[in-house]
Amino acid sequence: MQTTLARRTAGLLGMGFLAAGLVLSPPAAMPAAATTFTWATANDILGLDPHANNHGVTNTMKSNIYEPLVRREPDGSLAPALAERWETPSPTTWRFHLRRNVRFHGGEPFTAADVVMSAERVRQNDMAYTLQSVTAVRAVDDHTVEMETRGPNPVLLQDLTLFFIMSKSWVEANNAMGVARAGQPGATTTFVQLNTNGTGPFRMVERLADERTVLVPNPNWWDRAEHGITRAVFRPVASAPTRVAAILSREVDVMYHVPLQDIPRIQGAQGVRLVQGPTARSIYLAMDVTRPDSLDSPGQPNPMRDPRVRRAMYQAIDMDTIRRVVLRNSTVAAGLPIGSAIGGFDATLNERLPFDPEASRRLLAEAGAPNFRVTLGCPNNRYVNDEAICQAIVSMLQRVGIQARLDAMPFGRFLQRGANNEFQFWMLGWTPGNFDITNPARELLGEGSFNWGKFNDPQMNDLAARIGTTPIGEERQALARQYWTRFRELLPIIPLHQEPQIFAVRDTVEGFTLRMNEDLELRVIRMRR
């Protein structure tokens, strides 16, 4: 079947949306005077290498500097980026026609060789999932690339939205073919984590870790620049009160996350507004279900290998109370680790198991683990009220006899320890990069780098493989239902809720588009003239 795309398309899987709280305005002309846009979040990016560190804030920064073949627009649809159009000569062959007259920030022309090299390089680290089904990438000519997939992949275009393209000559000149995850213990900070050379709408001109990252517009960008920004400054501010003070004192133009307790204060402030809506991020608890021994009781068996223990922990958590008290009714409780915006979501299986402390105690007794010790690893500056959620969960587990304790830490340190297999029980949030079930099936429950507990179930693996090659439709959804049914039997993950996104936006910003994946892409910001 031959398919082409010469213009922006509607979102795949019926996922096109305009999120609640969207603020729109006509495109503004570039102002004559310099216009600085400053924004703050709770944690810093993890580095600038486009092929390392699969992390939301980091991926957002990458998307301002580097570009994929296909990009996701604010309304959720897919659009041509470095590929102008594409077709499928066969069910497993995709041919991409590359945009001509594009140059990297360093002046190098963009060609098919850059795509081929980037495909080889990306397979070394966290971002490998973007080509999870691709077996070969070859240049047909300087402006045409073909990708071969393991089988038919109905969501390949969605996978590619975070496959960022680098300059082959620049990588080779700087001996930068190797990819290293920033922040790993013993890891050396690489050239590409500190320096950039993309084709995107902005260039990085300054980077001071944990202080600021400064960007300026790319004057030679191939697309039309309508943002009105002449300088953009990203500031990580871990302290929530400091972030609130910064938005109220006009030090920043946009701030995220807005602490739930400060919503009334910001709503009453002059010159600032709240922009809020749902996200595609699921917050969940995960466990190491393969380690033989307990980390908290060396020499004792790991109780979480038993599904009865995992179910007991699940049913000990009163998510309704957490949602009402800790999260102030801002979230939606979840029974699956994906939300309704994700392909493969099944509403019939999203209802949580009932909160039932007596059932928890009975299951723990049956499993021979009535009062085991466990430590909950938790970030304290990444998600909405993350540490407070963990504190509540620890207390609830203690009430059914589990000797639970909390170990909370900054997100960067949390990621280091998780990747180093230092947790047996932890809380994490996840937004599927391709907005499809195949992403968490690989990254959280399969061979991906965030399956820290090494969970492996042949039945789920087989279902995930079949889902990945089945066209969008009833058959694929039926396979997804089987997958999530098996998931609910084994419970390697305890779903908690779908996180909200709440931005504070100053009146210096005329147009601010809320995106389901929480990206803050500078190209769609509209500064007031």
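## Close-up views of a predicted model

In strand 11, Met255 is the bridge partner of Ala40. That pairing comes from a predicted model, and so do the views below.

**View 1. Strand 1 sits between other parts of the chain, with most of its residues tucked away.** Look at residues 36-41: five of these six are buried, so strand 1 is largely enclosed by the rest of the structure. Which way do strand 1 and strand 10 run relative to each other, parallel or antiparallel? They run parallel, and six bridges join strand 1 to strand 10 (residues 231-236). To spot one of the pairings, find Trp39 and then its bridge partner in strand 10, Phe234. Strand 1 also pairs with strand 11 (residues 254-255), again in the parallel sense, over two bridges.

**View 2. Strands 4, 5, 7 and 6 make an open sheet.** Read the order carefully: it goes 4-5-7-6, with antiparallel pairing. Strand 4 (83-90) and strand 6 (134-141) stand at the edges with a single partner strand each, so one side of each has no neighbour in the sheet. Going from one strand to the next, the twist averages 20°. Now follow strand 6 to strand 7 (residues 144-149): six bridges hold this antiparallel pair together. Val137 is a handy landmark here, standing opposite Met147 in strand 7. As a reminder, strands of a sheet pair through backbone hydrogen bonds, either parallel or antiparallel.

**View 3. Helix 8 and helix 10 cross each other.** Two packed helices are described by the angle between their axes and the distance between the axes. For helix 8 (residues 307-315) and helix 10 (residues 357-366), the axes come within 8 Å and cross at roughly 160°. The two helices are therefore roughly antiparallel to each other. What is the handedness of the crossing, left-handed or right-handed? Helix 8 passes helix 10 in a left-handed crossing.

**View 4. Aromatic rings pair up, and some join into a cluster.** The count for the model is 19 aromatic pairs. One pair to zoom in on is Tyr483 with Trp484, which meet edge-to-face, 5.0 Å centre to centre and with 85° between the planes. Both of these residues are buried. Elsewhere, ring pairs link Tyr383, Phe411, Phe414, Phe423, Trp426, Trp430, Phe450 and Trp452 into a cluster.

**View 5. Two arginines lie over aromatic faces.** Arg72 lies over the face of Phe435, at 4.5 Å from the ring centre. Arg99 does likewise with Trp222, at 3.8 Å from the ring centre.

**View 6. A few backbone spots in loops break the usual habits.** Most residues other than glycine have a negative phi, and most peptide bonds are trans. Where is the cis peptide bond? It joins Tyr256 and His257, with omega about -5°. His257 has its place in the loop between strand 11 and helix 7 (263-267). Next, check Asn101: it isn't a glycine, yet phi is positive, about 60°. You'll find Asn101 in the loop between strand 5 (93-98) and helix 2 (112-122), and at 78% relative accessibility it counts as exposed. Arg250 also has a positive phi, near 70°. The loop between helix 6 (240-248) and strand 11 holds Arg250, which is partly exposed, with a relative accessible area of 48%.

Notes. Residues numbered from 1 in each chain as written. Predicted model: local features only at pLDDT ≥ 70, side-chain atom pairs only at ≥ 80, totals over all residues. Heavy atoms only, no water. Phe/Tyr/Trp six-rings, centres within 6.5 Å; stacked < 30°, edge-to-face > 60°. Buried < 20%, exposed > 50% of the residue type's maximum accessible area, 1.4 Å probe, protein only. Lys NZ or Arg CZ within 6 Å of the ring centre and 35° of its normal. Helix = DSSP H or I, 4+ residues; strand = E, 2+ residues; numbered from the N terminus. Pairing = 2+ DSSP bridges. Axes fitted to C-alpha atoms, helices over the stretch in contact; angles between N-to-C directions. Parallel < 35°, antiparallel > 145°, perpendicular 65-115°, else oblique. Left-handed = near helix turned anticlockwise from the far one by under 90°.
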